[in-house]
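I'm opening a fresh page for a structure I haven't looked at before. My plan is to look things up bit by bit and jot down what I find.

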Amino acid sequence: MPVNVLIVDDSAVMRKILERSLRQTQAEIGKVLEAGDGVEALQVLGSQDGVNIVFSDVNMPNMDGLEFLRQVRQSDKHKGLPVVMVTTEGTEAKVMQAVSLGADGYIRKPFTSVQIQQALEKARG
Amino acid sequence: MLDEQSLTQAVRQATAAVFSTMLNLQVDALENRHVSDPPPDTGVMAVLGFTGDWVGSGVFYCQEKMACRLSSAMLMTEITQITDEVLDGVGEVANMVMGNVKDGLSTVIGPLAMSVPTVVFGRNFQTRPPLRHSWFIAPFQVGEDRFEVRLCLSPKDNK
């Protein structure tokens, strides 16, 4: 079954790079949806069925990635959705904060497609 | 205390990692300098703010040609003029470099929060340090093109 992905990042360039990296993995990537911040991402999840995993930046305007993650985990419909954080915020405190909110993975920018593949496999079990 | 060696090491490691991993470009570090009143710049500049026990700003600056080159490398397509994608790309490179610099310095100056980047493209624009301190400027070369990573940081109570 192809994996449908939602990429959340305020940089359109970074969304393209992440999609390219995902398509370089051995996983069969299906639909790739995009959102520029947490607010848009929640709207996408509310209007589109079939998203299997989310890759989200942390530092974004309007709603950051951690608040987005918090709201996903509080949602009856999406609380089990795997969410991997992809960010320049690599301090231990930030990682622990994301993990305590229920992040399924944490990738630090800059990243390689191997790291994306590993996170994808781990998050999807 | 933040010394020149720690700053140089953090900036060079972060910059080399971002360019080699995300852009497949090798950078050569040139000699650092300190400037209190930089001359007007022309090109593309991404500016980010830092807050925490230390405060200040970080800047990624390059000429138009280098901005197109790094965006071309990121997107794997040839870009020859400044577009929204180029400005976005420069902002994202700045975000990654500065994020890794601040993490590299966190053992020395503690954790810092960082703003999202603001990107400026133009001619003859002046930047002033946000503090009464000089800019630390780390120049780099990629083939015949150059870019600079600039930092102005100071303890919070010593602005």
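Is A:R23 buried, partly exposed or exposed? I looked it up, keeping in mind that this is a predicted model. A:R23 comes out as partly exposed, with a relative accessible area of 42%.

**Entry: helix α1 of chain A**

I checked who A:R23 pairs with and found a salt bridge to A:E19, with the closest N and O atoms 3.1 Å apart. Both sit in helix α1 of chain A, 4 residues apart, so about one helical turn separates them. I wrote a reminder to myself here: an α-helix has 3.6 residues a turn, so residues three or four places apart point the same way.

Then I looked at the helix itself. α1(A) covers residues 12-23, which makes 12 residues. From its first C-alpha to its last it reaches 17 Å, close to the 16 Å expected at 1.5 Å a residue. I also listed its buried residues: A:V13, A:M14, A:R15, A:I17, A:L18, A:S21 and A:L22.

**Entry: the sheet of chain A**

Next I wanted the strand order. Chain A has an open sheet of 5 strands, running β2-β1-β3-β4-β5, with parallel pairing. Which strands stand at the edges? They are β2 (29-35) and β5 (105-108); each has a single partner strand, so one side of each is left without a neighbour in the sheet. Neighbouring strands here are turned by 20° against each other on average, direction ignored.

I went through some of the pairings:

- β1(A), residues 3-8, and β2(A) pair in the parallel sense over 5 bridges. A:L6 has A:L33 in β2(A) as its bridge partner.
- β1(A) and β3(A) run parallel and are joined by 4 bridges. Opposite A:V8 I found A:S56 of β3(A).
- β3(A) and β4(A) run parallel too, joined by 3 bridges. There, A:F55 has A:V84 in β4(A) as its bridge partner.

I stopped at β3(A) to see whether its faces are covered. Both are: A:I53 and A:F55 on one side, A:V54 and A:S56 on the other, are all buried.

**Entry: salt bridges**

How many salt bridges does a search of the whole structure find? The answer is 19 over all chains. One group caught my eye, a network of salt bridges that links A:D9, A:D57, A:K109 and B:E92. I note that this network has members from chain A and from chain B.

In chain B, I looked up B:R150, which forms a salt bridge with B:D41; the closest N and O atoms are 3.0 Å apart. The pair links distant parts of the chain, with B:R150 in strand β8 (residues 145-155) and B:D41 in strand β3 (residues 41-52), 109 residues apart. Are these two buried or exposed? B:R150 is buried at a relative accessible area of 4%, and B:D41 is buried at 6%.

Another pair in chain B is B:R69 and B:D145, whose side chains meet in a salt bridge at 2.9 Å, N to O. Distant parts of the chain are linked here as well: B:R69 is in helix α2 (residues 64-75) and B:D145 is in strand β8, 76 residues apart. B:R69 is partly exposed, with a relative accessible area of 29%, while B:D145 is buried at 9%.

**Entry: two buried residues in chain B**

I picked B:T15, found in helix α1 (residues 4-22) of chain B. At 0% relative accessibility, it counts as buried. What does its side chain reach? The side chain of B:T15 reaches the backbone oxygen of B:V11 at 2.7 Å. Not counting residues up to four places away in sequence, B:T15 touches B:V27, B:V97, B:F140, B:F147 and B:V149.

My last stop was B:V101, in helix α3 (residues 84-109) of chain B. B:V101 is buried, with a relative accessible area of 1%. Which residues is B:V101 in contact with, leaving aside its neighbours within four places in sequence? I found B:A10, B:V11, B:A14 and B:L151. I also took a distance: B:V101 and B:D84 are 17 residues apart in sequence and 25 Å apart in space, C-alpha to C-alpha.

Key: Residues numbered from 1 in each chain as written. Chains lettered and ligands numbered in written order. Predicted model: local features only at pLDDT ≥ 70, side-chain atom pairs only at ≥ 80, totals over all residues. Heavy atoms only, no water. Expected span 1.5 Å × (residues − 1). Buried < 20%, exposed > 50% of the residue type's maximum accessible area, 1.4 Å probe, protein only. Contact = heavy atoms within 4.5 Å. Pairing = 2+ DSSP bridges. Axes fitted to C-alpha atoms, helices over the stretch in contact; angles between N-to-C directions. Salt bridge = Lys/Arg side-chain N within 4 Å of Asp/Glu carboxyl O. Polar contact = N/O pair within 3.5 Å; in protein donor to acceptor, adjacent residues only side chain to side chain.
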